[in-house]
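Trainee: Could you take me through one part of this model slowly? I would like a close look at the place where the two chains meet, with whatever helps me understand the chains on either side.

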Amino acid sequence: MLNSEKITKTLLFLASLIIILLASGMMFTLINGSIPVFKEFGINFIFSTKWNPTEEKEVYGALPFIAGTIITSIIAILICFPLAFSTSLFIGEYYRGRGLAKIIGTMVDMLAGIPSIVYGLWGFYVLRPLIVDLGFNSQGYGIFTAGLILAIMIIPYATSITSEMIMMVSNDLKEAGYSLGATRKDVILKIIIPNARSGIFSSYILAFGRALGETMAVTMLIGNTNVIPKSIFDTGNTMASVIANQFGEADGLKLSALIAIALLLFVITGLINGTGKLLIRKFS
Amino acid sequence: MISLIIKTKKHLKGINIRILKNQIFAGVVFVFSFITISPIVLIIYKLISKGYKQINLAFFTDIAPNTYEAMIALGNGETIPGGILNGITGTLIMVTMASIVAIPIGLLIGIFLYENNTKWYANIVRDITDILQGVPSIVLGLISYFWVVKSITHGFSALAGSTALGIMMLPLIIRSTEETLKMIPETIKEAGLALGVPYHKIILRVLIPTGFSGLLTGILLAISRIIGETAPLMLTALGSMGVNYNIGKPTSAVPLLIWEFYNDPNMVDLIWSSSLILMIFVLILNLISKHLIAKKNN
């Protein structure tokens, strides 16, 4: 009897080691692979804007891609916020528990199920012509188009956590507000938001983390140029899209540069997600 | 008296403005919510309206056409022949292999976290799981490229693709398992322990059956998440023209086919029907899990 218990516990413990091994193995592979490029360019790799794979004159710098990643994700969050927050209020407050909220909630969840490449296709054939028609730029590719599709992609992540946080605000507080003659708008702005503030904030951090690593849809819409974009309608590249784009023909120092970009992406998303999860755990 | 009436009127005006503001606020919320759900309607409409023509039995039983065949069909104004059989079999093989490894390990680690709830080591495992869950899929593809393509199969392969998908699946299963087990009343477990049931039997006969629908939901959602992944497969499985059952060789998948069709002007018409099939797969998995969740909550 005692023996079988020990075996079970050991088995569970051994399984848990797999996740540790996996994570450390991933870190090792990424660090190991990026050593050549850091040896060649040092810390400048992160801050240099030059990306030139021509032989003999090879120079690699990750800044254009870091900038592209962060700018597209910020555009995505800015567009996503009013939409996702309104939808969360719709689901968690205005139509809470009613059929309409369930339908809207299911539809928002369906957004999370759409594969990245399908978003890319839709963005390419529907959003891009729209951007051209509106006269923002002639080709329709660019940082803004990529940010717009990212905004749609992260809406479900922001909405589901935010609406949960809104529903967690205690009814007593809300009723106290109403009994003082507050309108629903007052209750939302003065009671629900201040109370659910940190939870809402962390849900957008997690959504931001999602946007950082999205690959296919961004690759199809961003225009894939290796320079720092000068305006939001310029073309650019993100860290994920440059890996997807250039990995096929990469070897030697260029391969190492792409691995180093993957390492940076790994670290940045890890930090952002870690912060988000920490905040959520602390406040819920 | 008159001054009182004026005062009341002023007061009422203030109330009216507040009510008006309240209504405007609600209006904005409703309009934005409507905008939020419009993409899903528009995307599904686009997929169906553009994709349904191409879908017939041959679409599931034939392999993808080559550029030349597609070009001739386009020239004659016919629908493009062929289907996505090589994609469907590739997706099935890779998702199955990923599941076979990731589901049992994920369940074990999930149970481990549940059992050691607040111990420091369990907290570390949980944090690492959370971090892994946020790792972009393209990075997982890159990792699998070095672990499998470079070292084991010495070439692009289904094994490499399923490794990337399996690593992606693992944290999803772990967290859903732990969350599900947390919902099971402690008393059921204690009743078993009080009867002297050995620990592994508690897991197999009490925890897993009681949480079965929750565990299944987590598994289905994880599968629906990886089934549409394209980026990691581009770096690992690469794609192939024909049906391939050798896990050591390059293999196609439905999302990879969509990517190939998209890049080939002759076959671009096939993207909508293939995307529609992929969406139907994902939606069915999602609907089943939604149904399971609803059933559990009743």
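Mentor: Happily; what follows starts with the contact between the chains and then turns to each chain. Please keep in mind as you read that this is a predicted model.

Let's begin at the contact itself. Chain A brings 62 residues to it and chain B brings 64 residues. On the side of chain A that touches chain B, at least two residues come from each of α1 (2-41), α3 (63-94), α4 (99-113), α5 (116-133), α6 (143-168), α8 (184-213), α10 (239-246) and α11 (252-283) of chain A. Which helix gives the most to that side? It is α1(A), with 16 residues. If you sort the side of chain A that touches chain B by residue class, you find 40 nonpolar, 18 polar and four charged residues.

Now for the chain that carries this surface. Chain A is built from eleven helices and two strands. Starting at the N terminus, the order of its elements is α-α-β-β-α-α-α-α-α-α-α-α-α. Along the principal axes, the C-alpha atoms of chain A fill a box of roughly 75 × 75 × 30 Å.

Two of the helices that supply residues to the side touching chain B, α8 and α11 of chain A, also pack against each other, and they deserve a closer look. Packed helices are described by the angle between their axes and the distance between the axes. Here the axes of α8(A) and α11(A) cross at roughly 160° and come within 8 Å. An angle over 145 degrees counts as roughly antiparallel, and α8(A) and α11(A) are therefore roughly antiparallel to each other. The crossing in which α8(A) passes α11(A) is left-handed. Among the residues making the contact are Phe201(A), Ile205(A), Phe208(A) and Leu212(A) from α8(A), with Leu265(A), Ile268(A), Ile272(A) and Phe283(A) from α11(A). Glycines take part as well, including Gly199(A) and Gly209(A) on α8(A) and Gly276(A) on α11(A). By class, the residues of this contact of α8(A) with α11(A) are eleven nonpolar, nine polar and no charged.

Across the contact, chain B has 13 helices and zero strands. Its C-alpha trace spans about 95 × 70 × 35 Å along the principal axes. Chain B has a radius of gyration of 26 Å, whereas a compact globule of 298 residues would have one near 19 Å.

The domain layout of chain B adds to this picture. Chain B is divided into domain 1 (2-53) and domain 2 (85-297), and the centres of these two domains of chain B, taken over C-alpha atoms, are 40 Å apart. Four residues of domain 1 of chain B are in contact with five residues of domain 2 of chain B. On the domain 1 side, those residues divide into two nonpolar, one polar and one charged.

Chain B also offers a helix pair to set beside the one in chain A. Helix α7 (residues 158-183) and helix α10 (residues 212-227) of chain B pack with their axes 9 Å apart, at an angle of about 155°. α7(B) and α10(B) are therefore roughly antiparallel to each other, and their crossing is right-handed. One of the contact residues on α7(B) is Met168(B), and one of those on α10(B) is Arg225(B). The contact of α7(B) with α10(B) consists of eleven nonpolar, five polar and one charged residues.

Terms used: Residues numbered from 1 in each chain as written. Chains lettered and ligands numbered in written order. Predicted model: local features only at pLDDT ≥ 70, side-chain atom pairs only at ≥ 80, totals over all residues. Contact = placed C-beta atoms within 7 Å. Helix = DSSP H or I, 4+ residues; strand = E, 2+ residues; numbered from the N terminus. Nonpolar A, V, L, I, M, F, W, Y, C, P; charged D, E, K, R; others polar. Axes fitted to C-alpha atoms, helices over the stretch in contact; angles between N-to-C directions. Parallel < 35°, antiparallel > 145°, perpendicular 65-115°, else oblique. Left-handed = near helix turned anticlockwise from the far one by under 90°. Domains from an automatic or database assignment. Rg over C-alpha atoms; globule rule 2.2 N^0.38 Å.
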